[in-house]
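Here is a friendly walk through one protein model. Have a look at the fold before reading on.

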Amino acid sequence: MKLVPLFDKVVLKQLVAEETTKSGIVLPGQAKEKPQQAEVIAVGPGGVVDGKEITMQVKAGDKVIYSKYSGTEVEVEEEKYVIVKQSDILAVIE
């Protein structure tokens with residue numbers, strides 16, 4: 001199965017959170033923050049959303065930083081993804 005986003009939506013796969021701090025302390029599962037960095041898996045076509053023309057600024061394969069509490073988490077074939085609006089993406093990591 002393949003996720004195909006609509007309009008200005010972007011499918012992201014979260015990058016793995018670090019399990020130890022720089023000082024060497026191992027973090028238990030609940031102490032880890034939800035990572036805000038992700039890889040773009042699929043991008044919607046853009047188009048007119050709420051009366052405004054949207055052109056997509058990201059592409060599949062980009063590494064991005066997105067808003068902490070945005071998006072909808074989904075699981076497809078035992079893989080977890082987050083679907084966000086393009087406006088929830090804050091920056092592209094180069």
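What follows is a short tour of the sheet, the charged pairs and a few residues that stand out.

Keep in mind that you are looking at a predicted model.

**The sheet**

Let's start with the strands. How many strands form the open sheet, and in what order? Six of them do, and reading across you get 6-7-1-2-5-8, with antiparallel pairing. At the edges sit strand 6 and strand 8 (89–93), each of which pairs on one side only. Going from one strand to the next, the twist averages 45°. As background, strands in a sheet pair through backbone hydrogen bonds, and they can run parallel or antiparallel.

Now zoom in on one pairing. Strand 1 and strand 7 come together in the antiparallel sense over four bridges. If you want a spot to click on, try Val10: its bridge partner in strand 7 is Val84.

**Charged pairs**

Next, the charges. Side chains of opposite charge can pair when their charged atoms come close. In this model there are four salt bridges, and the table lists three pairs from among them, with the distance between N and O atoms.

| Salt bridge | N to O distance |
|---|---|
| Lys9 and Asp8 | 3.5 Å |
| Glu79 and Lys13 | 2.7 Å |
| Glu39 and Lys63 | 3.8 Å |

Take the pair of Glu79 and Lys13, joined by a salt bridge. Glu79 belongs to strand 7 and Lys13 to strand 1, so this pair ties together parts that are 66 residues apart in sequence. You have already met those two strands, as they pair over four bridges. Glu79 counts as partly exposed because its relative accessibility is 32%, and Lys13 is partly exposed too, at 31%.

The salt bridge of Glu39 with Lys63 also links distant parts of the chain. Glu39 lies in strand 2 (residues 37–43) and Lys63 in strand 5, 24 residues apart. Here Glu39 has a relative accessible area of 28%, so it is partly exposed. Lys63, with 33%, is partly exposed as well.

Then there is Lys9 with Asp8, whose side chains meet in a salt bridge. Is Asp8 buried or exposed? It is buried, because its relative accessible area is 7% and the cut-off for buried is under 20%. Lys9 has 28% relative accessibility, so it counts as partly exposed.

**Backbone oddities**

Most residues other than glycine have a negative phi. Which residues go the other way here? Phe7 is one of them, with a positive phi of about 50° although it is not a glycine. You'll find Phe7 in the segment before strand 1 (9–14).

Glu78 is another non-glycine residue with a positive phi, this time about 65°. Its home is the loop between strand 6 (72–76) and strand 7 (79–85). Glu78 counts as exposed because its relative accessibility reaches 73%, where exposed means over 50%.

**A buried serine in a loop**

One last stop: Ser70. It sits in the loop between strand 5 (63–66) and strand 6. With 9% relative accessibility, Ser70 counts as buried. What does its side chain have for company? A polar atom of the Ser70 side chain lies 2.9 Å from the backbone oxygen of Ser67.

Notes: Residues are numbered from 1 along each chain as its sequence is written. This is a predicted model: local features need pLDDT of at least 70, side-chain atom pairs count only at pLDDT 80 or more; totals for chains, interfaces and linings use all residues. Side-chain values use heavy atoms; hydrogens and water are left out. Buried means under 20% relative accessible area, exposed over 50%, partly exposed in between (1.4 Å probe, protein chains only). Two strands pair if DSSP finds at least two bridges between them. Axes are lines fitted to C-alpha atoms, for helices over the stretch in contact, and angles run from 0 to 180 degrees between N-to-C directions. A polar contact is a pair of N or O atoms within 3.5 Å; within protein, one must be able to donate a hydrogen and the other to accept it, and residues adjacent in sequence count only if both atoms are side-chain atoms.
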